[in-house]
Amino acid sequence: MLSQWLRSAGRLLPARAYSNAATAANSAKLQELALEEKCILVDENDRYTGSASKRDCHRVDPEGNIRLHRAFSVFLFNSAGDMLLQRRSVQKITFPDCYTNACCSHPLYDIAGEREELNALGIRRAAQRRLNYELGIPMAQVSLARPENFHYVTRIHYADRGDGTWGEHEIDYILFLQKNVDLKPNDSEVSEVRYVPRKGLNDTMAHLDAPLTPWFRLILQHRLPLWWDNLHQLKCYENHKDIERF
């Protein structure tokens with residue numbers, strides 16, 4: 001039996017123990033089913049162009065191309081200002097067993113409310129859904145009735161060919177959330193979560209025993225320290241007009 005752990009700044013807490021053949025098989029099946037969900041295709045200016053399955057959006061074609069689609073990344077901080085880091089399940093299709101920010105996923109074309117573009121409302125709805133699914137955060141704790149729950153900072157455009165079969169090419173909406181929440185990670189999505197204090201960021205990154213996802217690595221390199229140092233005044237750093245290209 002492989003123990004899963006929930007790490008909190010300054011202490012180590014046991015979470016649910018998991019991982020046996022049945023659990024692994026079920027996780028793999030769930031990941032395969034998720035490939036049939038439809039993502040929202042966009043052009044380089046984030047204009048809607050259609051829809052395609054997650055499978056088709058993440059396959060690297062023979063020329064090395066990946067279809068551009070809409071995504072989001074949530075950065076979650078507790079009231080002390082510590083950031084939640086998750087380690088993706090080994091069953092994930094793209095970038096398995098990598099460390100990344102709290103939640104990374106896509107608004108779905110199949111869910112009408114997640115196609116709404118005004119004030120990034122569709123993105124916020126998708127983020128609420130995935131925080132509940134991946135991390136077990138109760139929906140009420142990330143209620144859309146409180147806009148401050150999801151601070152939309154900016155969008156980034158990046159691409160990474162991954163393992164050459166599965167990769168990413170996304171317009172990624174960056175959402176920040178600072179709130180104490182209850183966590184109950186979904187084993188099929190997440191193998192570990194921990195809170196990282198700002199002062200311990202560099203040391204934590206230097207001693208991780210698995211790689212970072214490409215989007216998290218880019219945000220960490222280019223923007224995260226500045227945004228983290230200004231959690232109390234993120235509005236000053238909003239950029240909803242331009243798409244940052246990494």
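1. Exposed, as the word is used in this note, means over 50% relative accessible area. Asp163 has a relative accessibility of 57% and therefore counts as exposed; its place in this predicted model is in the loop between strands E9 and E10. Computed along the chain, Asp163 and Phe95 are 68 residues apart, yet in space their C-alpha atoms are 8.2 Å apart.

2. On overall confidence, the average pLDDT of the protein chain is 89, and 86% of its residues score at least 70. Residues 1-19 call for separate reading, since pLDDT stays under 50 over that stretch, for which the model nevertheless has 44 contacts beyond four places in sequence.

3. As to general make-up, the protein chain has six helices and twelve strands, and of its 246 residues 51% are buried. When contacts are taken between residues at least 6 apart in sequence, 67% of them join residues at least 24 apart.

4. Strand E10, which spans residues 168-178, is mostly covered, with ten of its eleven residues buried. Strand E5 (residues 69-77) runs parallel to E10 and is joined to it by nine bridges; within this pairing Phe77 stands opposite Gln178 of E10. Strand E9 (residues 151-160) is likewise joined to E10 by nine bridges, but here the two strands run antiparallel, and Arg155 stands opposite Tyr173 of E10.

5. The pair Arg155 and Tyr173 comes back in the second largest pocket, where both belong to the lining together with Asn45, Asp46, Arg47, Glu117, Asn119, Ala120, Tyr152 and His240. The volume of this pocket is about 160 Å³, and by class its lining has four charged, three polar and three nonpolar residues.

6. Two residues of that pocket lining, Asp46 and Asn119, also deserve a remark on their backbone. Strands E3 (residues 38-42) and E4 (residues 48-53) pair in the antiparallel sense over five bridges, with Cys39 opposite Ala52 of E4, and in their hairpin, which has five residues between the strands, Asp46 takes a positive phi near 65°. Asn119, in the loop between E8 and helix H3 (121-135), has a positive phi of about 55° although it is not a glycine; with a relative accessibility of 57%, Asn119 counts as exposed.

7. A further positive phi, again about 55° and again at a residue that is not a glycine, is found at Asp97. Asp97 has its place in the loop between strand E6 (83-88) and strand E7 (99-101), and it is partly exposed, its relative accessible area being 27%.

8. Turning to enclosed space, the count comes to three cavities of 30 Å³ or more, and the largest cavity has a volume of about 280 Å³. Its lining is made up of 22 residues, and those that lie nearest the centre of this cavity are Lys54, Arg88, Lys92, Thr94 and His106. Helix H1 (21-34), helix H2 (54-58), strand E8 (103-105) and the strands E5 and E10 each supply at least two residues of the lining. By class, the lining of the largest cavity has eight charged, eight nonpolar and six polar residues.

9. Is the loop residue Ala102 buried or exposed? Ala102 lies in the loop between E7 and E8, and because its relative accessibility is 0% it counts as buried. Leaving aside residues up to four places away in sequence, Ala102 touches Val74, Leu76, Leu84, Gln86, Glu134 and Leu135. One of these, Leu84, is 18 residues from Ala102 in sequence, while the C-alpha atoms of the two are 5.4 Å apart.

Key: Residues numbered from 1 in each chain as written. Predicted model: local features only at pLDDT ≥ 70, side-chain atom pairs only at ≥ 80, totals over all residues. Heavy atoms only, no water. Buried < 20%, exposed > 50% of the residue type's maximum accessible area, 1.4 Å probe, protein only. Helix = DSSP H or I, 4+ residues; strand = E, 2+ residues; numbered from the N terminus. Pairing = 2+ DSSP bridges. 1 Å grid on protein atoms, 1.4 Å probe; cavity = no way out; pocket = protein on both sides within 12 Å on 5 of 7 lines; lining within 4 Å. Points joined across faces, edges and corners; volume = space filled by probe spheres on them. Nonpolar A, V, L, I, M, F, W, Y, C, P; charged D, E, K, R; others polar. pLDDT = per-residue confidence, 0-100. Contact = heavy atoms within 4.5 Å.
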